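Welcome, and please open your viewer. We will go from stop to stop, selecting a few residues at a time and looking at what surrounds them.

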There are 2 protein chains.
Amino acid sequence: MKIGILGCTGAVGQQMMRVLEERKLDIEELRLFASERSVGKTFEFNGKIIEVENMTNKNFDGLDYVLGALEADLSKEIAQVVVDAGAVYIDNSSAFRMNENVPLVVPEVNPEDCFKHSGIIANPNCSTIISMVAMNGINKCSKIEKIIASTYQAVSGAGVKGMQELNAQIRALAQGQVVLPEVFTKQIAYNCIPQIGSYDKNGYTSEEMKMQNEGRKILHNDKLLVNCTCVRVPVIRSHSISITCITEEKVELEQIKKSLQETKGIVLENEPTPLEVSNQDLVYVGRLRNDLVFENGISLWCVGDQIRKGAATNAIQIIEVLESGIQTD
Amino acid sequence: MKIGILGCTGAVGQQMMRVLEERKLDIEELRLFASERSVGKTFEFNGKIIEVENMTNKNFDGLDYVLGALEADLSKEIAQVVVDAGAVYIDNSSAFRMNENVPLVVPEVNPEDCFKHSGIIANPNCSTIISMVAMNGINKCSKIEKIIASTYQAVSGAGVKGMQELNAQIRALAQGQVVLPEVFTKQIAYNCIPQIGSYDKNGYTSEEMKMQNEGRKILHNDKLLVNCTCVRVPVIRSHSISITCITEEKVELEQIKKSLQETKGIVLENEPTPLEVSNQDLVYVGRLRNDLVFENGISLWCVGDQIRKGAATNAIQIIEVLESGIQTD
């Protein structure tokens, strides 16, 4: 396999390199691309030194897969060039997620969609990926009709700069200094910010609407209703989501527990925390219990590493599905 | 007025002294009580030095009000002695909250209940107080039938020791040291812990069940259904709660907005954060919007200072209601 990474210097791009190594994909050549200012930087991959190429030269000939870790606007500009060069473009940005011809895939949930691509496959939003891995275990018992979610999102969701801002604020505060926010709208150290993304007319943020819009596509359920509240918390790199979901039919808790235990990509544990689940690829589901408000309701807490399962790992699992060639549905 | 404070050395007891000063209650005498090891310590109140008395001597003669900032088991031991001495006991612990003869009061919501006491009045749980101030503004438009809540609770909920633990962990981590949790079950710095209190058989924690049990009593609605998920976050002293509530009838968002603006104790603002609302007494309500899942649903984010409105200020407002003698209902 010949693989390229666009945006190789960012948090997700760097993680993609590490995950490719760890999962021992059979890679003949890895090429790294970034904007002009990073050209010439080098990174080690599988013991070899690789020099960063200029992304704007748009030279992707010979690549089988290109992993995109770019902002949405940049991704939109370059996707067709990648496809025209003959590579499958797996995009971590929001640019193509809702396009009809672009599969939106969480490999544990809807791997079969990978094979319906026309050159581009999209990685869902990070909170959505983590939530949908958990929802999948319940959806198999009875169709999920409604989801009420509140997120506890790590600063890594805003990239390397987000992580740097939290650390810098904590350091500055320890020295009694004033802290001005740059990446986030307000101080994130010792705080929770109930806004991620821009506002839609309905009062929800773009980040909040992703859970419903992308959730519908991933679960193949156009009628799924999702109410999400997205909150940034002073955690480094794992997202947590408090979820109440309502299924079409009443399912016994024991059956759901069994299904979650048997579902790929899930670890069932009572009180997983974002700190504990960081730096690995599974989604931890805890606090599983019957809802007290709705007869068919189930409540739970799910947690996953935002940079890995929420982004890099999910994209690489998509390559693995394509390579395995096994259409499970 | 002659007032006593039990547990005057803790976070809530100390805050009670400051709030009594700030709100300029007409206090003839303040007496401070704590356990034996604090006897002889002194605190300044309204310019006078007051020496801490031994609580276990149980000498409360002549006091009009005694404010309790004790653990529930200690509070249970001492409450009757306070009442027998002729004082009204306003208890911040969970000891008497669900007792039939004990009013459970959020002064902005059910002040009239203050006058039904038999010597003891209880302060509700801190997250419940903050949530109920917000719910009150909606409940006046149409009865709230269901609440789904996820909390973002500050470390101050575990007292001075909780705040010290977060600060100590942040400092230790900055020096590359290992951090062992003592107050909380896991490291709280850079983490979220989805467990506060002990577990009931139904899988909910004691802290989570308070929102339903106490909420029913405060809102005078035995049929209120509440599903709560309580989560500890690395924030110093203000609690935030993400709430979706469902009313009996459909109410227009503009009407709810107007009601919240006119409701005592509330500030309506789009994105209030726990850091910004600390060190004051109002409950900030933000992110107000129609729910996307339930026709009569409303979603919001509310935030309040846990030590003040969630504990000390609420107790002192109860004294103010009793002193004003105005029964509003």
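**Stop 1: a loop in chain B**

Select B:Asn92, which sits in the loop between strand E6 (88–91) and strand E7 (120–122) of chain B. Helices (H or I, at least four residues) and strands (E, at least two) are DSSP runs, numbered from the N terminus. B:Asn92 has a relative accessible area of 15%, so it is buried; buried means under 20% relative accessible area, exposed over 50%, and partly exposed in between (1.4 Å probe, protein chains only). Now show its surroundings: not counting residues up to four places away in sequence, B:Asn92 touches B:Val12, B:Met16, B:Gly68, B:Arg97, B:Asn123, B:Gly310 and B:Ala311. Contact here means heavy atoms within 4.5 Å.

Before you move on, a word on what you are viewing: this is a predicted model, in which local features need pLDDT of at least 70 and side-chain atom pairs count only at pLDDT 80 or more, while totals for chains, interfaces and linings use all residues. Residues are numbered from 1 along each chain as its sequence is written, chains are lettered from A and ligands numbered from 1 in the order in which they are written, and side-chain values use heavy atoms, with hydrogens and water left out.

**Stop 2: another part of chain B**

Next, select B:Glu248, in the loop between E10 and helix H6 (253–262) of chain B. Is B:Glu248 buried or partly exposed? With a relative accessible area of 41%, B:Glu248 is partly exposed. Leaving aside neighbours within four places in sequence, B:Glu248 is in contact with B:Ser142, B:Lys143, B:Glu145 and B:Asn296. Add B:Asn139 to the selection: B:Asn139 and B:Glu248 are 109 residues apart along the chain, and their C-alpha atoms are separated by 9.4 Å.

**Stop 3: where the chains meet**

Show both chains. Here 55 residues of chain B are in contact with 55 residues of chain A. The size of an interface is often given as the accessible area lost when the parts come together. Chain B and chain A bury about 4600 Å² between them, 59% of it on carbon and sulfur atoms; this buried area is the accessible area (1.4 Å probe) that two parts lose on being put together, summed over both.

How many salt bridges are there between chain B and chain A? The count is 4, where a salt bridge is a side-chain nitrogen of Lys or Arg within 4 Å of a carboxyl oxygen of Asp or Glu. To see one of these side-chain pairings, select A:Glu276 and B:Lys186, which meet in a salt bridge (3.0 Å, N to O).

**Stop 4: the annotated active site in chain A**

Select A:Cys126 and A:His239, which UniProt lists for "active site" in an unreviewed entry. Although spread over 114 residues of sequence, they cluster in space, with a largest C-alpha distance of 8.0 Å. UniProt positions are given in the numbering used here, feature names are shortened, and annotations may be inferred rather than shown by experiment.

A:Cys126 is in helix H3 (residues 126–139) of chain A, and A:His239 is in strand E11 of chain A. Both are buried: A:Cys126 has a relative accessible area of 11% and A:His239 one of 0%. Besides A:His239, A:Cys126 touches A:Gln306 and A:Gly310, not counting residues up to four places away in sequence. Look also at the side chain of A:His239, where a polar atom lies 2.9 Å from the backbone nitrogen of A:Ala154.

**Stop 5: annotated binding-site residues**

Now select A:Gln153 and A:Arg232, covered by the UniProt annotation "binding site" (unreviewed entry). They are spread over 80 residues of sequence yet cluster in space, the largest C-alpha distance being 4.7 Å. A:Gln153 is in the loop between strand E9 (144–152) and helix H4 (159–174) of chain A, and counts as buried at 1% relative accessibility. Its side chain makes a polar contact with the side chain of A:Thr151 (2.8 Å). A polar contact is a pair of N or O atoms within 3.5 Å; within protein, one must be able to donate a hydrogen and the other to accept it, and residues adjacent in sequence count only if both atoms are side-chain atoms.

A:Arg232 is in the loop between strand E10 (225–229) and strand E11 (238–247) of chain A. A:Arg232 is buried too, at 8%, and a polar atom of its side chain lies 2.7 Å from the backbone oxygen of A:Ala154.

For the last selection, take A:Arg97, also listed by UniProt for "binding site" (unreviewed entry). A:Arg97 counts as buried, at 6% relative accessibility, and a polar contact of 3.0 Å joins its side chain to that of A:Glu214.
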